[in-house]
Amino acid sequence: MTALADSYRYCGAVTAEHGRTYHLATRLLPERRRAAVHALYGFARTVDDLVDVDPGRTAGECAAELDRIDAVLRRGFTDRKAGVSACSPQMRQVLPAFLDTVADFAIPQNYFYAFLNSMRMDVPGTPEHRAEYRTLAELRTYMYGSAVVIGLQMLPVLGTTGPGAEPHAAALGEAFQLTNFLRDVGEDLDRGRVYLPAEELAAFGVDTALLVHSRRRGATDQRIVRALAHLIAVTRSVYRDAEPGIAMLDRRVQPGIRTAFVLYSRILDEIERGGYRVLDRRATVPRRNRWATALPQFARLAVPTRGRVW
């Protein structure tokens, strides 16, 4: 087994562990594209984990790690081994597959610098740091690097049938990110972050203090319920903007992306079904529902399961 194959295998394991819905949808992709998507996810997830300040890692250490990754990318896009040893063990495992994917599919490198910039916005003490966002427009500045470029970097991997797919891919990345924000309100509060725009919350009488109070009580105030219902409606409108782009993708990848689209949007349904209790629990799509959505697509494509892993 080569180091490159090991790296792709590692990225696949990261995707399976942390993105169950996402990983299931990728199983509908042709094998090479599936491995590339795992590599991109593995990179983004590893960076995201590294910038979370915890008792074992200070904000300064997180910022320094981001700077190291930035420097490695600027050299690694031309020399894949340059500076890799300076990164964390997790990033060293991800980088071979990630750099191979970026080169193989000619993904614009600026997407990844934008991503790192948004990650700096999560780290206290950096000039870019933001713990809260006043408006949806401000939040979209963050989401460009944390989500929109994720959708855009997928296009070269997935393939399109013609021009015009970019706005829809950008919207899909944003829709997935907004869904995460709504699902993870409680967890984000524990990290000192609020990704729901203050202006949108204030319209329903909600502020950070009320969110924190309700988190501690394990109860959801009706003002929070109304604010969440509004933001779910906003998110569904972004899904509607994204949906036409699925038909613009290579026919072979459409079932996989359609499955991800449907399953991720159903997280919103689960939030509603659970009484909007995002402060004390994490809404997930039940396993049986995930498979009920994916299996018809497997049957249609008769996806092969044998062959190389990269």
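These legends go with close-up views of one predicted model.

**View 1. The whole chain is a run of helices.**
Counting elements gives 14 helices and zero strands. Read from the N terminus on, the order is simply α-α-α-α-α-α-α-α-α-α-α-α-α-α. The chain has 310 residues, and buried ones make up 53% of them. The remaining views zoom in on helix pairs, cavities and two loop residues.

**View 2. Here helix H1 meets helix H3.**
H1 covers residues 3-18, while H3 covers residues 31-50. The two pack with their axes 8 Å apart, at an angle of about 70 degrees. An angle from 65 to 115 degrees counts as roughly perpendicular, so H1 and H3 are roughly perpendicular to each other. As for handedness, H1 passes H3 in a left-handed crossing.

**View 3. Here helix H8 packs with helix H13.**
For this pair the axes sit 10 Å apart and the angle is about 30 degrees. That makes H8 roughly parallel to H13, since angles under 35 degrees get that label. The crossing of H8 and H13 is left-handed. If you want to find the pair along the chain, H8 spans residues 166-183 and H13 spans 254-273.

**View 4. This is the largest cavity, with its lining residues.**
The structure holds two cavities of 30 Å³ or more, and the largest has a volume of about 60 Å³. Its lining includes Leu136 and Leu139, then Leu178, Phe181 and Leu182, and further along Leu231, Val234 and Thr235. Tyr195, Leu196 and Pro197 also line this cavity. Three helices each supply at least two lining residues: H7 (136-158), H8 (166-183) and H12 (222-242). By class, the lining has 10 nonpolar residues, one polar and no charged ones. The polar one is Thr235.

**View 5. This is the second largest cavity, with a charged contribution to its lining.**
Its volume is about 50 Å³. The lining consists of Phe181, Val185, Asp188, Leu189, Arg193, Val194, Tyr195 and Leu196. Helix H9 (residues 185-190) gives the most here, with three residues. Sorted by class, the lining of this second largest cavity has six nonpolar residues, no polar ones and two charged. The charged pair is Asp188 and Arg193. Phe181, Tyr195 and Leu196 turn up in the linings of both cavities.

**View 6. Ala106 sits in a loop with a positive phi.**
Most residues other than glycine have a negative phi. Ala106 is not a glycine, yet its phi is positive, at about 50 degrees. You'll find Ala106 in the loop between helix H5 (89-104) and helix H6 (110-120). Ala106 is exposed, with a relative accessible area of 60%; the cut-off for that label is over 50%.

**View 7. Tyr276 is another loop residue with a positive phi.**
Tyr276 has a phi near 65 degrees, again a positive value in a residue other than glycine. Its loop runs between helix H13 (254-273) and helix H14 (287-301). Is Tyr276 buried or exposed? Tyr276 counts as buried, because its relative accessibility is 15% and buried means under 20%. Set beside Ala106, which is exposed, Tyr276 is buried.

Technical notes:
Residues numbered from 1 in each chain as written. Predicted model: local features only at pLDDT ≥ 70, side-chain atom pairs only at ≥ 80, totals over all residues. Heavy atoms only, no water. Helix = DSSP H or I, 4+ residues; strand = E, 2+ residues; numbered from the N terminus. Buried < 20%, exposed > 50% of the residue type's maximum accessible area, 1.4 Å probe, protein only. 1 Å grid on protein atoms, 1.4 Å probe; cavity = no way out; pocket = protein on both sides within 12 Å on 5 of 7 lines; lining within 4 Å. Points joined across faces, edges and corners; volume = space filled by probe spheres on them. Axes fitted to C-alpha atoms, helices over the stretch in contact; angles between N-to-C directions. Parallel < 35°, antiparallel > 145°, perpendicular 65-115°, else oblique. Left-handed = near helix turned anticlockwise from the far one by under 90°.
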